Amino acid sequence: MVRRKPLVVVTRKLPDSVETRMRELFDAKLNIDDVPMDQAALVEAVKTADVLVPTVTDRIDSAVLSQAGENLRLIASFSNGVDHIDVSSALNRGITVTNTPGVLTEDTADMTMALILAVPRRLAEGAQVMIADKEEWPGWSPTWMLGRRIWGKRLGIIGMGRIGQAVARRAKAFGLQIHYHNRRRLAPGIEEMLDATYWDSLDQMLARMDIVSVNCPHTPATYHLLSARRLKLLKPDAYVVNTARGEVIDENALTRQLEAGEIAGAGLDVFEHEPAVNPKLIRLARQGKVVLLPHLGSATLEGRVDMGEKVIVNIKTFMDGHRPPDRVLP
Ligand code: DGY
């Protein structure tokens, strides 16, 4: 019996090498023009595909899933986070969901560390002065554009999974004192290796930190984890960095606090309503109080190729009748 190749619908343009491999292995319907799919296109895709490969820009909610054809057995997401997929709804329909954990850990931790350095040391502001038309560099001065020292400060990491730990390793090398809050405390050996102090109470940790880094996934439990009330616990000279998901912070509350000067600054790579960015945050960035990046945490060529390879392995393993390595559990 000749087994037909699975119809794999990919919602966005992927690196060329990944697309070539997908063409070889699958009946791959690629999106080489990279036009984001609207709801109607996603519905069409789930009606026909055996496998859907979405990314973080696609909302695979229960309305889309309710239209899934009986062939759709696997959603192999090209992403680490899966908050864009209604996983329970997929699982209830017998659709397996996979993601791409691990391969973007180091890249995301690098970007987190970059923001931890960039915001207190006024990197974006300084770089802007050198290229701005109007503002000229007045030359070195003992009191001009002073930032805040990183070394010796307290870093509070919210979410001590793979990425949080990779941030801790980097931050330790920069002389930061590592503190963390996590659902579960790390094993003593790992805590010792990272020289990390565990806080069972997020509130108590927030009140003591100089820099807070959000590195937990967005789930119903972490939505607005940094709520208006919790943000108020931060010291006025504290900085907030977020490379996880915008939804973990109440963005309006954060913006209000930055505007009021109740915290010192923020470095944000993710936003609550991407790709829309609160205009007040943009204004604050122009004033040098925040550094905004366009969700670049895992944006390296190597990382994207590795993610693509993970997607392929997940699809192949599943199609061969085995449990895919990166199955997302309820
Ligand atoms: C992910 O995969 O979850 C990242 O946020 C995308 O870079």
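## A guided tour from M22 to the ligand

Begin by selecting M22, which is buried because 21 other C-beta atoms lie within 10 Å of its own, and 20 or more is the cut-off for that word. Bear in mind throughout the tour that this is a predicted model. M22 has its place in helix α1, residues 16-25. Leaving aside residues up to four places away in sequence, M22 touches V8, V10, A28, L30 and I312, so it helps to display these partners together with the helix before moving on.

**The five-stranded sheet**

Next, colour the strands β1 to β5, and ask in what order they lie in the open sheet that they form. The order is β2-β1-β3-β4-β5, and the pairing is parallel. The edge strands are β2 (27-29) and β5 (96-98), each of which pairs on one side only. If you look at how the strands lie against each other, neighbouring strands of this sheet are turned by 20 degrees on average, with direction ignored.

Now zoom in on β1 (residues 7-10) and β3 (residues 51-53), which run parallel and are joined by three bridges. Within this pair, select V9 and you will find it standing opposite L52 in β3. Then add helix α13, residues 301-319, which packs on the sheet and touches β1, β3, β4 (74-76) and β5. The direction of α13 makes about 160 degrees with that of β4.

**Across to the seven-stranded sheet**

To travel to another part of the model, select M22 again together with I190: the two are 168 residues apart in sequence, and their C-alpha atoms are 38 Å apart in space.

Then display the strands β6 to β12, which form an open sheet of seven strands in the order β8-β7-β6-β9-β10-β11-β12, with parallel pairing. Which strands lie at the edges of this sheet? They are β8 (196-198) and β12 (290-292), and each pairs on one side only. Here, neighbouring strands are turned by 20 degrees against each other on average, direction again ignored.

It is worth pausing on what holds such an arrangement: strands of a sheet pair through backbone hydrogen bonds, either parallel or antiparallel.

Follow one row of residues across the sheet, starting from I157 in β6. Strand β6 (residues 154-158) runs parallel to β7 (residues 177-181), with five bridges joining the two, and the bridge partner of I157 in β7 is Y180. Strand β6 also runs parallel to β9, here with four bridges, and in β9 the bridge partner of I157 is S213. Continue from S213 to β10 (residues 239-242), which pairs with β9 in the parallel sense over four bridges; the partner of S213 in β10 is V241.

While β9 (residues 211-214) is selected, show its side chains and ask whether its residues are buried or exposed. All of them are buried, with I211 and S213 pointing one way from the strand and V212 and V214 the other way.

**Three stops in the loops**

Select M145, in the loop between α6 (123-131) and β6. Its phi is near 50 degrees, a positive value in a residue other than glycine. M145 is partly exposed, with 14 other C-beta atoms within 10 Å.

Then move to D195, in the loop between α8 (188-194) and β8, where phi is near 55 degrees, again a positive value in a residue other than glycine. D195 is exposed, because 11 other C-beta atoms lie within 10 Å and the cut-off for that word is 12 or fewer.

The third stop is P275, in the loop between β11 (265-268) and α12 (279-286). A cis peptide bond joins E274 and P275, with omega about 0 degrees.

**The ligand and the annotated spans**

Now select the ligand and show what lies around it: V56, S79, N80, G81, L104, G297 and S298. By class, this shell has two nonpolar, five polar and no charged residues.

Finally, colour the model by its UniProt annotations, which come from an unreviewed entry. Residues 17-328 carry the annotation "domain: D-isomer specific 2-hydroxyacid dehydrogenase catalytic", and this span is 38% helix and 13% strand, with its end C-alpha atoms 26 Å apart. Residues 113-297 carry "domain: D-isomer specific 2-hydroxyacid dehydrogenase NAD-binding" in the unreviewed entry; this span is 34% helix and 15% strand, and its end C-alpha atoms lie 10 Å apart.

Terms used:
Residues are numbered from 1 along each chain as its sequence is written. This is a predicted model: local features need pLDDT of at least 70, side-chain atom pairs count only at pLDDT 80 or more; totals for chains, interfaces and linings use all residues. A residue is near a molecule or strand if its C-beta atom, placed from the backbone, lies within 6 Å of it. Ala, Val, Leu, Ile, Met, Phe, Trp, Tyr, Cys and Pro count as nonpolar, Asp, Glu, Lys and Arg as charged, and the others, Gly among them, as polar. Two strands pair if DSSP finds at least two bridges between them. UniProt positions are given in the numbering used here, feature names are shortened, and annotations may be inferred rather than shown by experiment. Axes are lines fitted to C-alpha atoms, for helices over the stretch in contact, and angles run from 0 to 180 degrees between N-to-C directions. Two residues are in contact if their C-beta atoms, placed from the backbone, lie within 7 Å.
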